[in-house]
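Reader: Hey, I've got this protein open and I'm a bit lost. Can we go through it together, one piece at a time?

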Amino acid sequence: LIFFLMEEKKEKGQLSILLISDFFYPKVGGVEVHIYQLAVSLIRLGCKVTVLTHHKKNRQGIKYMGNGIKVYFTPLMTLYDDSSLPILLGALKILREICYIEKVDIIHCHQSSSSLSLEGIFHSKLLGVNVVLSEHSLYGFSFLDEASLNKVIRTFFVDMDETISVSHVATENLILRGMVNPKMAHTIPNAIDNTKFRPPTEKELKDMKKKKIKEGKEDIITIVSISRQAERKGTDLLIEVIPEICKQIPNVNFIIGGDGPKKKLLDVMVDAVGLKDRVKLTGFLAHQKVRDEMIKGQIYLNTSLTESFCIAIVEAASAGLYTIATDVGGVGEVLPEYMVKLVKPDKESIINAIKDTIKNYEKLKEKTKNNYQVLKSIYNWDKVAKKTKLVYQRALKKNDFSFITRIKKIFTVGHMSPILYLCAVLIDIILLFLLTIFQPLRSIKKNKKEFKYKNYVKYLRNKKKENEKNKNKSKINPKKGH
């Protein structure tokens, strides 16, 4: 039935992957960066990668990003926290066309709170495509919104082939929330761009030292904290800690980066206490500018109340900072003990940790000299892509797309939700049948030319050689007036 509705079997060749999530560029965040970097690394491994997300500001339709990542920005309305309106059956037509045009082998959805990801899981079996989900966050069981989401994903996860989480704590959390079989749950940690997050060069250190001497701030210790300014990121803790530290330690300044709903409270606190000279609020920071702010400090402070994997502390440690982080979620798994001081998520513990770190900073600085080399070998996007590809290969072995198997799995979830889900599946089948009649796949236009990564690499090499030749010529034959 699947092959009849799809009309064409997939051709053998490179692995074609469709990454689906509401959270993608130009918005910047942990999930967005993860999807982009994973896509780039998968292309290096010889895979074909396509991304499906909802429209962002002026970005609609099909766009191409660096290294040949093809992105479908669909015209879906956003509801809350940049997540699209959950229509359930609305994405069938788009998904059917993309799976046919791109010859998709694997649908890889990111973040269970993304309604577009859940739609991708729902339609995958009907389209005859294996599906994998990556979970990037931790969710509880006590609040109504969390309990509702947990019930929804338990129903949708009957169609899941494999799952990936960014930490062991997140894996356990997902198994409990979604009633996931532990055999299909995998832990693959995040990674960082090692080319960007490097320690300051000698020139940068000299320039910063000169600047400090001019301003008379040679003895100043700078604490950096860059994150989304929201409740779960511990902005309220920051608001309590900053005035107290500035009061007790006169040679400490702060650089606070990031934007969010709690940013106004930070502004009010700085104005009320009179700390404009000692607390720099950068506001929103583009990802490529984060490192430039980080290297201005000596200590990185993370005050999150919940975190599955804190990529910010890895970036800070790689840039040469000693880190202080709240011991919540999967934070304790991220860095070796000598790189980080883990504390309780309360005001007193954080203040005591900052005081202790400042006293022993010279000793701690010696221990963290080789941070960059150590973290470069541990957190590497190519390693993440290789591990993820192994999960894809496991998922591809599960070829049972039959309707009967799907019904059996659905009725293991509960009482009412399986009936509602089954009704939605039956409507989905009818819609696909109608699409097959009124819009046969043969009528859909395919792209004749496809991006080839090998040709792109050759082009870059040739371009580099040309630039080097031009530089050498200009050195040998300098123009007049230079």
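Author: Sure, let's begin with one side-chain contact: the side chain of glutamine 229 makes a polar contact with the side chain of threonine 235, at 3.0 Å. Keep in mind that this is a predicted model.

Reader: OK, where is glutamine 229 placed?

Author: Look in the loop between β11 (221-226) and α8 (235-248).

Reader: Is glutamine 229 buried or exposed?

Author: Buried. Its relative accessible area is 1%, and the cut-off for buried is under 20%.

Reader: And what is glutamine 229 in contact with, leaving aside its neighbours within four places in sequence?

Author: Among them are Thr235, Leu238 and Ile256, plus residues such as Gly257, Gly258, Asp259 and Gly260. Pro261, Lys262, Lys263 and Leu266 are in contact with glutamine 229 too.

Reader: Ile256 again, please. Which residue does isoleucine 256 stand opposite?

Author: Leucine 281, in β13. Strand β12 covers residues 252-257, and β12 pairs with β13 in the parallel sense over four bridges.

Reader: What order do the six strands of that open sheet come in?

Author: The order is β13-β12-β11-β14-β15-β16, with parallel pairing. β13 (279-283) and β16 (340-343) stand at the edges with a single partner strand each, so one side of each has no neighbour in the sheet. From one strand to the next, the twist averages 20°.

Reader: Which strands does α8 lie across?

Author: α8 lies across β11, β12, β13 and β14 (299-302), and runs at about 160° to β12. There's also helix α12 (residues 347-359), which lies across β11, β12, β14, β15 (322-326) and β16. α12 runs at about 155° to β16.

Reader: Now the other sheet, the open one with eight strands. What's the order there?

Author: That one goes β3-β4-β2-β1-β7-β8-β9-β10, and the pairing is mixed. Its edge strands are β3 (61-65) and β10, each pairing on one side only. Neighbouring strands are turned by 25° against each other on average, direction ignored.

Reader: How many bridges join β3 to β4?

Author: Five, and the two strands run antiparallel, with β4 covering residues 69-74. For one pair to look up, lysine 63 has valine 71 in β4 as its bridge partner. Helix α2 packs on this sheet as well, touching β1, β2 (48-54), β3, β4 and β7. The direction of α2 makes about 155° with that of β7.

Reader: What about α4, which strands does that lie across?

Author: α4 lies across β1, β2, β7 and β8 (130-135), running at about 150° to β7. It's mostly covered, too: 10 of its 10 residues are buried. Leu116, Glu119 and Phe122 are among those buried residues.

Reader: Since you mention Phe122, what lies over the face of phenylalanine 122?

Author: Arginine 406, at 5.6 Å from the ring centre.

Reader: Switching to rings: how many aromatic pairs are in the whole structure?

Author: A search of the whole structure finds six. One of them is tyrosine 25 with tyrosine 36, a tilted pair at 5.4 Å centre to centre, with 55° between the planes. Tyrosine 25 is in the loop between β1 (16-20) and α2 (30-44) while tyrosine 36 is in α2, so the pair ties together parts 11 residues apart in sequence. Phe24 joins in as well, because ring pairs link Phe24, Tyr25 and Tyr36 into a cluster.

Reader: Why does tyrosine 25 count as buried?

Author: Because its relative accessibility is 15%, and buried means under 20%.

Reader: What's going on with the peptide bond from tyrosine 25 to proline 26?

Author: That bond is cis, with omega near 10°. Proline 26 is in the loop between β1 and α2.

Reader: Last thing: which residue has a phi of about 75° although it is not a glycine?

Author: Glutamine 111, and that phi is positive. You'll find glutamine 111 in the loop between β7 (106-110) and α4 (115-124). At 5% relative accessibility, glutamine 111 counts as buried. Methionine 179 is another residue other than glycine with a positive phi, near 50°. Methionine 179 lies in the loop between α6 (168-178) and β10 (185-187).

How values were computed:
Residues numbered from 1 in each chain as written. Predicted model: local features only at pLDDT ≥ 70, side-chain atom pairs only at ≥ 80, totals over all residues. Heavy atoms only, no water. Buried < 20%, exposed > 50% of the residue type's maximum accessible area, 1.4 Å probe, protein only. Polar contact = N/O pair within 3.5 Å; in protein donor to acceptor, adjacent residues only side chain to side chain. Contact = heavy atoms within 4.5 Å. Phe/Tyr/Trp six-rings, centres within 6.5 Å; stacked < 30°, edge-to-face > 60°. Lys NZ or Arg CZ within 6 Å of the ring centre and 35° of its normal. Pairing = 2+ DSSP bridges. Axes fitted to C-alpha atoms, helices over the stretch in contact; angles between N-to-C directions.
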